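Reader: Please show me the model. I would like to ask about bound molecules and empty spaces, so begin with the words that are needed.

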Amino acid sequence: MAPETRIPRLLLTGAAGGLGQVLRSSLKPHATILRASDIAPMAPAAAGEEVVPCNLADKAAVDALVAGCDAIVHLGGVSVERPFEEVLEGNIRGVFHIYEGARRHGVKRVVFASSNHVVGFHRQGEVLDNGCARRPDGYYGISKSFGEDMAQFYFDRHGIESVSIRIGSSFPEPRDRRMLVTWLSYRDLTHLVVQSLTTPGVGHTVVYGMSANRDIWWDNRHAAHLGFSPLDTSEAFRPKVEAQPLPDPADPATLFQGGGFVKAGPFETL
Ligand code: NAI
Ligand code: 15L
């Protein structure tokens with residue numbers, strides 16, 4: 001991106017996490033100042049960075065965090081299936097605080113890290129577009145579904161544009177057969193986030209985040225305006241992954257798109 005089209009101040013939540021560390025580096029050329037935030041310890045600020053610790057469950061702290069920012073990439077929160085009370089704090093309260101901060105401080109674009117677990121109880125092999133029924137596979141997936149609803153509401157009511165990325169599995173490499181389908185390389189993730197930040201007129205767009213893998217469960221035709229064209233594929237990892245023992249075909253983790261998340265819990269929290 002040319003310097004004159006850089007985002008003046010870009011907020012990145014979840015900056016200490018797996019994807020946050022990747023995007024903190026790869027988004028830096030697209031922002032004059034990148035404000036990195038997390039509840040966990042982060043690397044010190046480099047040139048052109050601000051590091052602001054913040055608990056997303058703290059409304060006043062998030063309001064101060066968002067002040068002065070021009071766009072937000074919201075990765076922060078619980079990223080796996082956990083007891084509802086944990087998901088409530090980090091994800092449900094957290095995404096509300098982010099959108100309220102955006103409204104109060106005039107932020108016009110949010111990229112929300114949603115998840116394939118919004119649709120995790122659809123069968124593996126079924127091809128879904130972004131208009132399909134959501135079938136969350138746990139409290140975590142429900143929180144991401146809620147986040148997508150917040151994104152839609154804040155566009156309809158307040159004109160804040162969002163892209164909700166239903167990320168598949170974004171890791172250095174796919175770890176199992178399911179991830180041969182759901183894998184999103186870090187390069188393709190960065191491309192998708194940049195397109196989501198810079199494409200004009202997105203309203204609220206839901207897009208699936210996966211590389212150009214051989215087999216697909218997700219169809220992005222209704223999100224074509226984002227211009228997301230992945231360059232990577234999981235094929236190079238297929239021999240290594242397929243050397244693993246075959247999974248039980250009757251296991252719910254093999255039957256449903258959400259994999260192991262569909263059988264997490266219940267959690268006894270009383
Ligand atoms: P991660 O767990 O490594 O990072 C999440 C970060 O959020 C952590 O650094 C954590 O300290 C922070 N966080 C948690 N609760 C917080 C709170 N109350 N206040 C402030 N910060 C808090 O997860 P990862 O893999 O980096 O994922 C980033 C985002 O993308 C998450 O929202 C996750 O749900 C989503 N995602 C990731 C996928 C993947 O394959 N890596 C797939 C689908 C969605
Ligand atoms: C997610 O939503 C998680 O954040 C990530 O840790 C992976 O488990 C991923 O989905 C996946 O489904 O592989």
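Author: Residues are sorted into three classes: Ala, Val, Leu, Ile, Met, Phe, Trp, Tyr, Cys and Pro count as nonpolar, Asp, Glu, Lys and Arg as charged, and the others, Gly among them, as polar. Residues are numbered from 1 along each chain as its sequence is written, while chains are lettered from A and ligands numbered from 1 in the order in which they are written. The model is predicted, with local features needing pLDDT of at least 70, side-chain atom pairs counting only at pLDDT 80 or more, and totals for chains, interfaces and linings using all residues; side-chain values use heavy atoms, and hydrogens and water are left out.

Reader: How many polar residues are in the shell around ligand 2?

Author: The shell holds the residues near the ligand, meaning those with a heavy atom within 4 Å of it. Around ligand 2 these include Ser 79, Ser 115, Asn 116, Tyr 140 and Arg 178. By class, 4 of the shell residues are nonpolar and 1 is charged, while the number of polar ones is 6.

Reader: Which residue has a polar side-chain atom 2.6 Å from an oxygen atom of ligand 2?

Author: A polar contact is a pair of N or O atoms within 3.5 Å; within protein, one must be able to donate a hydrogen and the other to accept it, and residues adjacent in sequence count only if both atoms are side-chain atoms. Ser 79 has a backbone N or O atom 2.6 Å from an oxygen atom of ligand 2, and in Ser 115 a side-chain N or O atom is 2.7 Å from an oxygen atom of this ligand. The polar side-chain atom at 2.6 Å from a ligand oxygen belongs to Arg 178.

Reader: What share of the accessible area of ligand 2 does the protein cover?

Author: Accessible areas come from the Shrake-Rupley method with a 1.4 Å probe, and for residues only the protein chains shown count as cover. On its own, ligand 2 has 320 Å² of such area, and the share covered by the protein is 83%.

Reader: Which element gives the largest share of the shell around ligand 1?

Author: Helices (H or I, at least four residues) and strands (E, at least two) are DSSP runs, numbered from the N terminus. The shell of ligand 1 has 26 residues, with Asp 38, Leu 75, Ser 79, Tyr 140 and Ser 170 the closest. At least two shell residues come from each of α1 (18-26), β5 (109-115) and α4 (139-158). The largest share, 3 residues, belongs to β5.

Reader: Which residue has a backbone N or O atom 2.9 Å from a nitrogen atom of ligand 1?

Author: Oxygen atoms of ligand 1 lie 3.1 Å from a backbone N or O atom of Gly 17 and 2.7 Å from a side-chain N or O atom of Asp 38. The backbone atom that lies 2.9 Å from a ligand nitrogen is in Leu 56.

Reader: Where does ligand 1 sit?

Author: Rolling a probe the size of a water molecule over the atoms shows where empty space is left. On a 1 Å grid over the protein atoms alone, a cavity is a set of points where a 1.4 Å probe fits but cannot get out, and a pocket is an open set with protein on both sides within 12 Å along at least five of seven lines; lining residues have an atom within 4 Å of a point. A molecule sits in one of these if more than half of its atoms lie within 2 Å of its grid points. Ligand 2 takes space in the largest pocket, and ligand 1 also sits in the largest pocket.

Reader: What is the volume of the largest pocket?

Author: Grid points are joined across faces, edges and corners, and a volume is the space filled by probe spheres set on the points. The lining of the largest pocket has 15 nonpolar, 21 polar and 6 charged residues. Its volume is about 840 Å³.

Reader: Which element gives the most to the lining of the second largest cavity?

Author: There are 2 cavities of 30 Å³ or more, and the second largest has a volume of about 40 Å³. Its lining has 9 nonpolar residues, with no polar and no charged ones. The element that gives the most, with 3 residues, is β5.

Reader: Which element gives the largest share of the lining of the largest cavity?

Author: The largest cavity holds about 50 Å³ of space. Its lining residues include His 74, Asn 91, Phe 112 and Lys 144, and by class the lining has 2 nonpolar, 5 polar and 1 charged. The largest share, 3 residues, comes from α3.
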